[in-house]
Amino acid sequence: MVKFSKLLEAQLIPEWKDAFVNYWQLKKNVKKIKLSRNSKLVEIEKEHEYGFSILDPIRCIVKKLSNRFDNGGKKSEILQVTNSNRGGGDEEDLYQTELVQLFSEEDEVKEFFMKLDEELNKVNQFYKIKEREFVERGEILNKQLQILLDLKQILNDRRRKDLLSKSDSGIFDRSNSSSRSSDCSGLSSELDETPSQSPSPDDVIAAFERSGVNFIGATTRTKTKKGKPKMAMRIDVPITTLTRSISSITSMLWEDLITNPKKENPGGAVGDLINGKKIQSAEKMIRGAFVELYKGLGLLKTYSSLNMLAFTKILKKFDKVANQQASEDYLKVVKRSHFTSSDKVVRLADEVESIFTKYFASNDRKKAMKFLRPQLQKDSHMVTFLGGLFTGCFVTLFGVYAILAHLSGIFSAGGYMETIYPVFSMFALLSLHLFMYGCNLFMWKNTRINYNFIFEFSPTTALKYRDAFLICTSLMTAVVGAMVIHLLLRSTGFSPTQVDAIPGVLFLLFIGLLICPFNIFYRSTRYYFIRVICNIVSSPFCKVIMVDFFMADQLTSQIPLLRHMESTACYLLAGSFETHRYEICHSSKLYKQLAYVISFSPYYWRAMQCARRWFDEGDVNHLANLGKYVSAMVAAGARLSFGMNPTLPWKAIVIATSSIATIYQLYWDFVKDWGFLNPKSKNPWLRDELILKNKSIYYVSIVINLVLRLAWVETVMHFSLGSIVEYRLLDFSLASLEIIRRGHWNFYRLENEHLNNVGKFRAVKTVPLPFRETDSDD
């Protein structure tokens, strides 16, 4: 059975960690009481030099009963907990415990209950603050939803009028919508005041603005040549993703270049006020906001239940040590406190469920719950079986390939390393990274690091370590199988042109599998991966979340894989498998220039993410992190130039730039990402909180990361090797070591995030809303 302390640590919300009951400190206080009482028992034993009487146990029981009950036979109170906020209003509750008897002379007990009162007050205060925030958020969302419903009704009325008549005079006739009730009654009443004629654009805008909709540019409207007002109401869709960026730019260009010059009549201007695509975007944003609100309410309920359980557990421990039933009195107070007795969160969650079911799930509650409360993915024995099967197939095929390659002497044949090595290395490095990720998932699960919460993965589609191992082994089994077929066909006299097309065909097949629209081979994971890659490539235009920068960090360790992808693409596009002129790619000027672009891109994307986070949050540390990736970019460019022109000046530049970048990276790894090298920590040169019990593992990890960060030295030393095969194997080994280093780095980075929330990512996201209130812009 899992200890409660481990369970609490696993379910703690990183952002709210300081607001939870300090269970570990309270345990220490209970331990102090136990040690104090044990020492007193030893003193009593010394006083009874002649031993105990046979009646001592009976006397002890009678003493306990007399302490517990008064002379009238009624149960006496051991402690009293008073609340300063006796009125029960919104004022802050302050609980204070008074020890009536028994414990009034024990300093350790006093200290324990003082700490307990402090924790109870802290939990109550935090819960009230968060509860108030969620209630206010719910009210704002209700208002946003009502505005959205009014806009949709106007759009539907306009479309219905367009179908009945080509005239624009009755577009905004609201007589058909009078039966629908809305909280935005002011808007409806103002538009219904003149049922016989269409309201003017100014009246429509004024009505909406008084209902809380902000019209961008409404106060500085221009006019057309005929003197008519020319305007456009824009729903505020923040640029947080690539698709929203493209949509915003396209919409702006369309309105400025095409729509506005052509539609100069008032009906056309009013028609541009409401746009179907914009309303769809607004509806999507509001739906996402309701989902996030519901998720936050669930987290707050978890916060309440975990704290209640923590108080119960710690009071039971105290009763066991003190041989009393003090928990009964105190638990009554805890149960009456605000964080357990308030039902606002539950009622708000029920309201969100009903609203979401009605407006976003077509009254289908089951469908609504799939969005609001996704179920955890169940473990499958088939995944484990297939993983073991593919592992056995991979080992067998690789053994067959090694024997056949040795017997045929294929490595000495011309062109084989140029065709097979890039493709095999690309898939091998990708599989190794997947294997390391599977190991990370396994370790995070065993150490109860809440990686799904940190990465914001969906519980229904998140990969487990068995899934990662299955993908890894099936991928490599297919690759080695293709290599065996290639080797057999080549040795049996088939046309080299046809046989050498196999690596390229394999590459295209896996690209096709990645974008395959059918629900096979982890489609949700594949599409999520593509979406994250798109966010990385468009880093300056996308809001950065944890999974985005984490994946971008992985790409900085996969530059050799990206270079092999370049070689494979060139191998296919240049037709080298037909002409067998393998030097075309490597001697091409464009190929060499692309090598710089590919080597710079991962560092550039990561630097742009840092710039975006600095722009969003204003934290100077993000600019310092950006400098780290700029220094790595300069070092990578210097190493490439030195590889193409190995002269002494370039060698000096490589040593200087790579040394600066390595020192910068090591400092950031140890201090910022891992939280180590803290001289004041209770764990020497580590951090105060650690998950692994064996501290020596952390020191060994520091040394391993230091050594693997120095792999660039090989580019300067140029170890003399006898053949091109050995040289390529050395490159592959160094690339593999970098991937292993990254997998090693991943565990400690997420451990630090889980314990300390160093990335400052919010537990409950405040989703931007489409309609801004006019007062908020003043």
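In the predicted model, the side chains of Lys17 and Glu689 form a salt bridge with an N to O distance of 2.5 Å; a salt bridge is taken as a side-chain nitrogen of Lys or Arg within 4 Å of a carboxyl oxygen of Asp or Glu. Lys17 lies in the loop between helix 1 (4–11) and helix 2 (23–47), and Glu689 in the loop between helix 27 (648–673) and helix 28 (696–709), so the pair ties together parts that are 672 residues apart in sequence. Lys17 is buried, at a relative accessible area of 17%, whereas Glu689 is partly exposed at 35%. Buried stands for under 20% relative accessible area, exposed for over 50%, and partly exposed for values in between, with a 1.4 Å probe and protein chains only. Helices (H or I, at least four residues) and strands (E, at least two) are DSSP runs, numbered from the N terminus.

The model is predicted: local features need pLDDT of at least 70, side-chain atom pairs count only at pLDDT 80 or more, and totals for chains, interfaces and linings use all residues. Residues are numbered from 1 along each chain as its sequence is written, and side-chain values use heavy atoms, with hydrogens and water left out.

The salt-bridge rule gives a count of 21. Glu283 and Lys152 are another such pair, with their side chains 3.6 Å apart, N to O. This salt bridge links distant parts of the chain, with Glu283 in helix 9 (residues 276–322) and Lys152 in helix 4 (residues 107–164), 131 residues apart. Both residues are partly exposed, Glu283 at 22% relative accessibility and Lys152 at 29%. Lys115, Glu118, Glu119 and Lys122 are linked in a network of salt bridges.

A further salt bridge joins the side chains of Asp343 and Arg347 at 3.3 Å, N to O. Asp343 is partly exposed, with a relative accessible area of 40%. Arg347 belongs to helix 12, which covers residues 344–360. At 1.5 Å a residue, the 17 residues of helix 12 should span 24 Å, and the end C-alpha atoms are 23 Å apart, which agrees; the expected span is 1.5 Å times one less than the number of residues. The buried residues of helix 12 include Val345, Leu348, Val352, Ile355, Phe356 and Phe360, as well as Glu353 and Thr357. Ser362, which follows helix 12, has a positive phi near 55°.

Positive phi values also occur in loops. Phe521, which is not a glycine, has a phi of about 50° and is placed in the loop between helix 19 and helix 20 (523–537). Phe521 is partly exposed, at 36% relative accessible area. Leu677 has a positive phi near 60° and is found in the loop between helix 27 and helix 28. Leu677 is likewise partly exposed, at 36% relative accessibility.

Over the whole chain, the secondary structure comes to 30 helices and four strands. Of the 778 residues, 44% count as buried. Among contacts (heavy atoms within 4.5 Å) between residues at least 6 apart in sequence, 72% join residues at least 24 apart.

Internal space was also examined. Rolling a probe the size of a water molecule over the atoms shows where empty space is left. On a 1 Å grid over the protein atoms alone, a cavity is a set of points where a 1.4 Å probe fits but cannot get out, and its lining residues have an atom within 4 Å of a point. Grid points are joined across faces, edges and corners, and a volume is the space filled by probe spheres set on the points. Five cavities of 30 Å³ or more are counted, and the largest has a volume of about 70 Å³.

The largest cavity is lined by Ile420, Val423, Phe424, Val479, Ala482, Met483, His486, Ile502, Pro503 and Leu506. Helix 15 (416–446), helix 17 (465–491) and helix 19 (502–514) each supply at least two lining residues, and helix 17 gives the most, with four. By class, the lining has nine nonpolar, one polar and no charged residues. In this classification Ala, Val, Leu, Ile, Met, Phe, Trp, Tyr, Cys and Pro are nonpolar, Asp, Glu, Lys and Arg are charged, and the others, Gly among them, are polar.

Helix 15 also holds Ser425, which is buried at 1% relative accessibility. Leaving aside neighbours within four places in sequence, Ser425 is in contact with His564 and Phe732. Ser425 and Ala735 are 310 residues apart in sequence and 9.5 Å apart in space, C-alpha to C-alpha.

Conventions
On a 1 Å grid over the protein atoms alone, a cavity is a set of points where a 1.4 Å probe fits but cannot get out, and a pocket is an open set with protein on both sides within 12 Å along at least five of seven lines; lining residues have an atom within 4 Å of a point.
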